[in-house]
Amino acid sequence: MIASIIDGKIMVRRCLVTFKPFRIFVVGIGFFSLCFLMTSLGGQFSAKRLGDAPFTIRTEVLGGVESRGVLRKITDMLEVILKRMDSLSKLDNTSAASTRRLDELSSAINRFQPVGLVERIQAIAQNVSNMANRVEQILQSSMAQGRAMRDGTSGQCEVPRDPRYPDCPGKVDWMRARWTSDPCYAFYGVDGSDCSFLIYLSEVEWFCPPLAWRNQSNIPPTQHTSPARTAPRQAAFRTDLSVLLEQVGGGKESLSFMKQRMRRLAQQWGSAALRLDSTLQHRWRDQRKILVHVGFLTEESGDVFSPKVLKGGPLGEMVQWADILTALHVLGHNLKISMSVKELHGFLGVPPGRGSCPLTGPLPFDLIYTDYHGLQQMKQHMGLSLKKHKCHIRVIDTFGTEPAYNHEEYATLHGYRTNWGYWNLNARQYMTMFPHTPDNSFMGFVSEELNETEKRNIQQNKVNNMAVVYGKEASMWKLHQGKEGFLQILHRYMEVHGTVYYETQRPPEVPAFVKNHGLLPQHELQQLLRKAKLFIGFGFPYEGPAPLEAIANGCIFLQPKFQPPHSSLNHEFFRGKPTSRGVSSQHPYAEQYIGRPHVMTVDYNNSQEFDTAIREIMRTKVEPYLPYEYTCEGMLERVHAYIQNQDFCAPEPPFPLGNLSKPLASSMSPGPLFVPLPNTTALGWAANVTPPPVWPPVSSLRLLASQEGQSCIETCQSARLVCEPAHFRFINNKEALRGLDVQCEALDSESNHVLPAFSVARRECSLQQDPLLFSCAGHSPRYRRLCPCRDFRRGQVALCRECL
């Protein structure tokens, strides 16, 4: 074998010595089959046989810097191979296995055929890189085996066949072939020996059993699923935002916008903190270690938002993130902010490499707030640790993720797979901008509140015939989209104002009768809204913060009705989003939770209906209005409740399984589990049954049965309640069916996002088998669903009456 190594070295060295001055090379026959002849910009080569050297080259190099750079890279790779062969030739105890591997390498190299095509240059470079990696593997393995023999550990590193660790042999085989594919393995001490593979797979990962001869006290703490616990600290409300503003940093228009918003609302956040502290009676709150990774603003995700901040681009996501950061800071938590993958690495303790290995220690955070972009980056760089720690993650998700899309296997099998979703999280770990998806948690944002003096001044100074159009981008005004008709009607009654971005010339899409102010700073836009009577939407953007700001400044919001509702089934904007939700108007929250007189939703294609609506708006007087859940105090209250009560890492308290019926229920209580409630068709938790210690408390539960084809969202809303997914496990049993007087001739359980449910016609009942598929949104024309509804606090739909 040593001779073959020396032969190979001679061949490579001949090539490098002969042709290195030209940075163009040909490797002799006996090692490679033929020289690599390369150029990308017209290099011309000819070769003839001379003397001892298998080939000599006469060259005219017409290529440029790019060609020479690629050739230099390949030459450097060959030099690496030469160095590795020098090391191999010095080994005097190379194993038979290493000899075989090197023979395989030599055979593979000899199979190289003349390419002679310029366009194959990248493939050649890759082949050389692969050869260098393979030589590295042979060298490392040979040296590691030599060390193992000297240390006397080689006999202790046989691959175990343990039924408790069935994946161990396969993982060892994988490591033998691929351990050099990521530098992180070497970082954890892997050196190519079976001993190092087993140590890594048992102590850093968890696929092999612990090694008896290893000192277990020195094992790195990479397998912990929770942050390193210290004595709990109390979270104290903060009213000073200076530390937060410094943490956010700068250098981008998006960050400047967020910091301006924080400063503008700082006084309102401070006052809200004091009021909430009083409401909570100054009780103890655990301080959490929280990482906020704003994935969509990282350079690695493309950050298409920052350049558009001053050009009329969307600001809704930045509004929400600014308010999330402020709420977490004001609530007194230990906050770290990441705006790049490099910062994410530093905060999490990501080992160097390509993300194949777990983190270097326990997760240093109790909670991680991110978005879908950040979640993808964490998957790429956290390796197996993401699966271990995903219960700590909260995903800020504007439009919501329904359970059928979140469950990877179910989504793939049943046609719900999209580019988003499929993360197998608890659906409540997704946090939305509006409370439109009760399967998720409602995060929200805030709008600026007015004091009583400001409200009176607004009402006195309103211009009754002034309208402001919701649309900062010129593309939203294109008249061929059907806007010309209703704009003419609007112009007949009102003076129309716009805030459309432009650089030098007035956008041609904006009609001449519109007074365009250009893109306004936030405080100037507020002044414009305080004068206007009407804020009118064109149908896009969907579900943004601007309508709430307009209503809070005393405007009436007029928006188009969508018939049929827009969804992923019929509208390009929603296609690919992990939800089947249909929006019946531009802003469903404004339509359903606020409504008249502040919000009017009409058919813009019906000119008579639109005309009538404009005249009604001019006659109607409204006061500025802001729902409590969109005030600073409302958001602080909601986020506080989530942080102190939501725990997706702890195992859920035991509860009778769905297929267990009366005997176990009878042992728990002398009567039924669910009982009728006064003045309603809903059932509630029996007062004589000890409730399990859960949040939200089961005292808020109201059990209802849907109609065929109806979702639990609709069923609960019709009873002025909200669907609560956390309560599904308490109604996924025979007791719930019995309480609703459902007749079941057959009872089974399966994985389906419309269960638990029953069929009246067939007298069939089905319970849910997979908790990840409990879904408020699911519906089927074949089934009536069992729906876990709950009450909610006035102005705060996210929390039940006893949730604080």
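**Close-up views of two strand regions in a predicted model**

**View 1. Strand β3 beside strand β5.** In this predicted model, strand β3 (residues 289-293) and β5 run parallel and are joined by 3 bridges. Within this pairing, V292 is placed opposite Y369 of β5.

**View 2. Strand β5 and its side chains.** Strand β5 spans residues 367-370, with L367 and Y369 pointing one way and I368 and T370 the other way. All of these residues are buried. In a regular strand, side chains alternate between the two faces of the sheet. Strand β6 (residues 393-396) is joined to β5 by 3 bridges, and the two run parallel. R394 in β6 is the bridge partner of Y369.

**View 3. The open sheet and its edges.** The 6 strands of this open sheet follow the order β4-β3-β5-β6-β7-β8, with parallel pairing. Because β4 (334-338) and β8 (441-442) stand at the edges and each has a single partner strand, one side of each lacks a neighbour in the sheet. At the β8 edge, strand β7 (residues 430-432) runs parallel to β8 and is joined to it by 2 bridges. The residue pair M431 and S441, the latter in β8, forms a bridge partnership.

**View 4. Strand β9 and its enclosure.** Of the 5 residues of β9, 5 are buried, so the strand is largely enclosed by the rest of the structure. Both faces are covered: M466, V468 and Y470 lie on one side, A467 and V469 on the other, and all are buried.

**View 5. The partners of strand β9.** Strands β9 and β10 run parallel and are joined by 3 bridges; V468 has H497 of β10 as its bridge partner. The pairing of β9 with β12 is also in the parallel sense and extends over 4 bridges. There, L534 in β12 is the bridge partner of A467.

**View 6. Helix α17 and its buried side.** Helix α17 comprises residues 484-493, and F486, L487, I489 and L490 are buried in it. These residues cover an arc of only 160° around the axis, which puts them on the same side of α17. An α-helix has 3.6 residues a turn, so residues three or four places apart point the same way. The buried residues of α17 pack against three strands and a helix, namely β9 (466-470), β10 (495-498), β12 (534-537) and α21 (607-619).

Technical notes: Residues numbered from 1 in each chain as written. Predicted model: local features only at pLDDT ≥ 70, side-chain atom pairs only at ≥ 80, totals over all residues. Heavy atoms only, no water. Pairing = 2+ DSSP bridges. Buried < 20%, exposed > 50% of the residue type's maximum accessible area, 1.4 Å probe, protein only. Arc of directions from axis to C-beta. Contact = heavy atoms within 4.5 Å.
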